[in-house]
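Open the model in your viewer and keep the sequence panel beside it. We will go from stop to stop, selecting as we go.

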Amino acid sequence: MNFSSRLLEDAVNEFSKLPGVGQKTALRLVLHLLNKEQEEVDAFGNAIMRLRKDIKHCTICHNISDQPICEICTANRRDKEIICVVEDTRDVMAVENTSQYFGVYHVLGGLISPMDGIGPSDLYIDSLVQRVATTPVKEVILALSATMEGDTTLFYLYKRLKDFQIPITTIARGIAFGGELEYADEITLGRSIVTRVPYVNALTK
């Protein structure tokens, strides 16, 4: 792709580093910004810079937050004794959009994937175990994607948590195998949360 400006080329190259954005899409986005008022472009740039500089992770659940403890963990209406374990913030948003869950979360920060060099120590698993050991918990819901990595992580978490003698459930498999939570429609995901089943049942099938 030939550019008439080095500044234009640099901007397109940066945009094309984003997931799913090729050079043609990047060029369209950059040209769109060039047609905007200076104030709008400044607001866009400042939002990105503030995001990277000021974003925090909740010290309890590890969800992305503006404060040291996120709004979900501090909300009085949430049941703090039910913990929904998810892969990342996108899954928190997906479950929240169902309006079917009123507990709190624990964000692992990924899934166990030996092929990618990601082991249990690379995730927020120890903090989950510590949380269950030191705070009142009446249920842990394992809401992970129905993939090989998700199932591997489910089994590992079950082994780490089963001795605490609390119900460990998993979302009902209305989610097709190989499907990721963030792409499930809200009705299907909502029903999967409501009709969750004891994880030990899945081990016997």
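The tour starts with the whole chain, then visits helix pairs and single residues.

**Whole chain**

Keep in mind that this is a predicted model. Show the chain as a cartoon. You should find nine helices and seven strands. Now switch on the surface. The chain exposes about 12500 Å², and carbon and sulfur atoms supply 54% of that area. Of the 205 residues, 38% count as buried. How far apart in sequence are the contacting residues? Take the contacts between residues at least 6 apart in sequence: 55% of them join residues at least 24 apart.

**Stop 1: H1 and H2**

Select residues 6-15 for helix H1 and residues 23-34 for helix H2. Their axes come within 8 Å. The crossing angle is roughly 125 degrees, so H1 and H2 are oblique to each other. The crossing is right-handed.

Now show side chains. On the H1 side, pick Leu-8, Ala-11, Val-12, Asn-13 and Phe-15. They meet a set in H2 that includes Gln-23, Ala-26, Leu-27 and Leu-29. Add Val-30, Leu-31, Leu-33 and Leu-34 to complete the H2 side. Colour this contact by residue class. It has 11 nonpolar residues, two polar ones and no charged ones.

**Stop 2: His-62**

Move to the loop between strand S1 (56-57) and strand S2 (64-65), and select His-62 there. Check its backbone. Phi is near 75 degrees, a positive value in a residue other than glycine. Is His-62 buried or exposed? His-62 counts as buried, because its relative accessibility is 12% and the cut-off is under 20%.

**Stop 3: Ala-75**

Next, select Ala-75, in the loop between helix H4 (71-74) and strand S3 (79-86). Ala-75 is buried too, at 18% relative accessibility. Now draw a distance from its C-alpha to that of Gly-103. The two residues are 28 apart in sequence and 9.9 Å apart in space.

**Stop 4: Thr-89**

Go on to helix H5 (residues 89-96), where you will find Thr-89. Its relative accessible area is 19%, so Thr-89 is buried. Which residues does Thr-89 touch, leaving out those up to four places away in sequence? They are Asn-63, Ile-64 and Val-107. Display all three alongside Thr-89.

**Stop 5: Ser-99**

Continue to the loop between H5 and strand S4 (103-107), and click Ser-99. Here is another positive phi. The value is about 55 degrees, although Ser-99 is not a glycine. What about its accessibility? The relative accessible area of Ser-99 is 51%, so this residue is exposed. The cut-off for exposed is over 50%. Compare the two loop residues by eye: His-62 is buried, whereas Ser-99 is exposed.

**Stop 6: H6 and H7**

Finish with a second helix pair. Select residues 126-134 for helix H6 and residues 148-161 for helix H7. Their axes come within 10 Å and cross at roughly 35 degrees. This crossing is right-handed.

Show side chains again. In H6, highlight Asp-126, Leu-128, Val-129 and Val-132. Their partners in H7 are Leu-157, Arg-160 and Leu-161. What is the make-up of this contact by class? The contact of H6 with H7 has five nonpolar residues, two charged ones and no polar ones. For a last look, bring back the first pair, where the contact of H1 with H2 has no charged residues.

How values were computed: Residues are numbered from 1 along each chain as its sequence is written. This is a predicted model: local features need pLDDT of at least 70, side-chain atom pairs count only at pLDDT 80 or more; totals for chains, interfaces and linings use all residues. Side-chain values use heavy atoms; hydrogens and water are left out. Axes are lines fitted to C-alpha atoms, for helices over the stretch in contact, and angles run from 0 to 180 degrees between N-to-C directions. Helices (H or I, at least four residues) and strands (E, at least two) are DSSP runs, numbered from the N terminus. Angles under 35 degrees count as roughly parallel, over 145 as roughly antiparallel, 65 to 115 as roughly perpendicular and the rest as oblique. A crossing is left-handed if the near helix is turned anticlockwise from the far one by less than a right angle, and right-handed if clockwise. Contact means heavy atoms within 4.5 Å. Ala, Val, Leu, Ile, Met, Phe, Trp, Tyr, Cys and Pro count as nonpolar, Asp, Glu, Lys and Arg as charged, and the others, Gly among them, as polar. Buried means under 20% relative accessible area, exposed over 50%, partly exposed in between (1.4 Å probe, protein chains only). Accessible areas come from the Shrake-Rupley method with a 1.4 Å probe; for residues, only the protein chains shown count as cover.
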